[in-house]
Amino acid sequence: MTEARASYGVDAPMVLAGLALGGVAELGVAAACFAAGWTILAVILLVGGLMLVAGAAFYAHTTLRGKFRVWDAELDALGLAGDERVLDLGCGRGLVLIKAAARVPAGHATGVDLWTSDQSGNSQDAAFANARTEGVAGRVELVTGDMRALPFEDGTFDLVVSSLAVHNIPDADGRAKAVAEALRVLRPGGRLRLADFRHTADYATVLREQGAVDVEVRDLGWRFWYGGPHARTALVGARRP
Ligand SMILES: C[S@@+](CC[C@H](N)C(=O)[O-])C[C@H]1O[C@@H](n2cnc3c(N)ncnc32)[C@H](O)[C@@H]1O
């Protein structure tokens with residue numbers, strides 16, 4: 001009998017498709033230019049095509065594998081006691097949420113999402129099916145909600161996490177609201193770990209303005225590149241005093 005496997009989808013699938021198809025198309029045109037004897041143009045297109053294909057490879061690796069390993073390491077480094085209440089902002093199909101839930105056998109993990117098209121096949125049902133497959137559904141709760149206005153009391157959570165979700169909010173004010181909300185729902189002493197590939201310095205500024213301590217922004221390395229070093233992901237860490 002085949003064992004069911006959790007499936008976490010692809011982040012922003014149209015970006016990956018664009019990189020891959022653009023690269024292949026450019027390599028095809030480069031080949032045609034070589035055949036026509038337009039060598040300089042062919043070399044330029046060849047280099048561009050190879051860069052796009054390499055970008056697609058990095059992107060696919062990050063979304064299908066790299067971010068899994070990075071979050072394993074980040075969650076392990078927190079040294080959780082196992083009874084924490086965790087919140088995942090923009091949980092999608094539940095990758096970080098479920099990893100956190102697995103580390104808090106006596107705790108609870110809540111995922112909030114609006115289920116937009118920013119991840120292939122994301123839905124409350126898909127996230128819950130993954131939680132069941134990974135054996136943590138009993139301590140996972142899923143809430144349809146906007147991270148700019150979280151439906152939780154102040155100080156509800158010991159840990160707030162988020163991966164590649166806050167940048168989806170189109171305006172700086174909205175992103176600042178989401179970051180301030182993340183801090184508001186943390187208990188005193190609670191920790192925040194927020195990964196994103198844009199705006200992370202702004203998130204850190206908002207956190208400092210809101211009184212967070214131990215605020216840091218740290219690069220997460222090549223395993224979290226969405227297409228190359230120009231789209232690297234950083235982790236914003238902070239603690240509510
Ligand atoms: C790229 S996906 C990442 C999902 C998941 N964190 C992961 O790493 O697999 C971004 C998620 O953020 C959600 N999202 C976007 N804007 C949101 C908002 N304002 N409030 C809550 N969720 C949001 C999207 O629906 C999507 O599921």
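**Close-up views**

**View A. Strand 1 and strand 2 run side by side in parallel, joined by 5 bridges.** Two of the residue matches are easy to pick out here: valine 86 has alanine 109 of strand 2 as its bridge partner, and leucine 87 has threonine 110. Strand 1 covers residues 85–89, and 4 of those 5 residues are buried. Strand 2 is largely enclosed by the rest of the structure, because 5 of its 6 residues are buried. Here, "buried" means 20 or more other C-beta atoms within 10 Å of a residue's own, "exposed" means 12 or fewer, and "partly exposed" is anything in between, with C-beta atoms placed from the backbone. Strands (E, at least two residues) and helices (H or I, at least four) are DSSP runs, numbered from the N terminus.

A quick note before the other views: this is a predicted model, so local features need pLDDT of at least 70 and side-chain atom pairs count only at pLDDT 80 or more, while totals for chains, interfaces and linings use all residues. Residue numbers start from 1 along each chain as its sequence is written.

**View B. Seven strands line up in an open sheet with the order 3-2-1-4-5-7-6.** The pairing is mixed, and two strands pair when DSSP finds at least two bridges between them. Strand 3 (140–144) and strand 6 (213–219) sit at the edges, each pairing on one side only. On average, and ignoring direction, neighbouring strands are turned by 15° against each other. In a regular strand, the side chains alternate between the two faces of the sheet.

**View C. At one end of the strand order, strand 6 runs antiparallel to strand 7 (residues 234–239), with 5 bridges between them.** Look for arginine 218, which stands opposite leucine 235 in strand 7. Helix 6 packs on the sheet here, touching strand 5, strand 6 and strand 7. The direction of helix 6 makes about 175° with that of strand 6. Such angles run from 0 to 180 degrees between N-to-C directions, using axes fitted to C-alpha atoms (for helices, over the stretch in contact). A contact means that two residues have their C-beta atoms, placed from the backbone, within 7 Å.

**View D. The ligand sits among 24 surrounding residues.** Closest are Gly90, Gly92, Ser163, Ala165 and Asn168. A residue belongs to this shell if its C-beta atom, placed from the backbone, lies within 6 Å of the ligand. Helix 3 (95–102) and strand 2 (108–113) each supply at least two of the shell's residues. By type, the shell splits into 12 nonpolar, 7 polar and 5 charged residues. Nonpolar covers Ala, Val, Leu, Ile, Met, Phe, Trp, Tyr, Cys and Pro; charged covers Asp, Glu, Lys and Arg; the others, Gly among them, are polar.

**View E. Leucine 164 and histidine 199 are two loop residues with positive phi.** Most residues other than glycine have a negative phi. Leucine 164 comes in at about 55°, in the loop between strand 4 (157–163) and helix 5 (172–184). Leucine 164 is buried because 25 C-beta neighbours lie inside 10 Å. Histidine 199 has a phi near 65° and is found in the loop between strand 5 (186–196) and helix 6 (200–209). With 19 other C-beta atoms within 10 Å, histidine 199 counts as partly exposed.

**View F. Domain 1 (13–63) meets domain 2 (80–239).** These bounds come from an automatic or database domain assignment. The C-alpha centres of the two domains lie 34 Å apart. Where they touch, domain 1 gives 6 residues and domain 2 gives 7. On the side of domain 1, helix 1 (13–36) and helix 2 (39–77) each give two or more residues, and helix 2 gives the most, with 4. That side holds 4 nonpolar residues, 2 polar and no charged.

**View G. Zoomed back out, the chain has 6 helices and 7 strands.** Along the sequence they follow the pattern α-α-β-α-β-α-β-β-α-β-α-β-β. The C-alpha atoms fill a box of roughly 70 × 55 × 30 Å, taken along the principal axes. Of the chain's 241 residues, 41% count as buried. Among contacts with a separation of 6 or more, 71% are between residues 24 or more positions apart.
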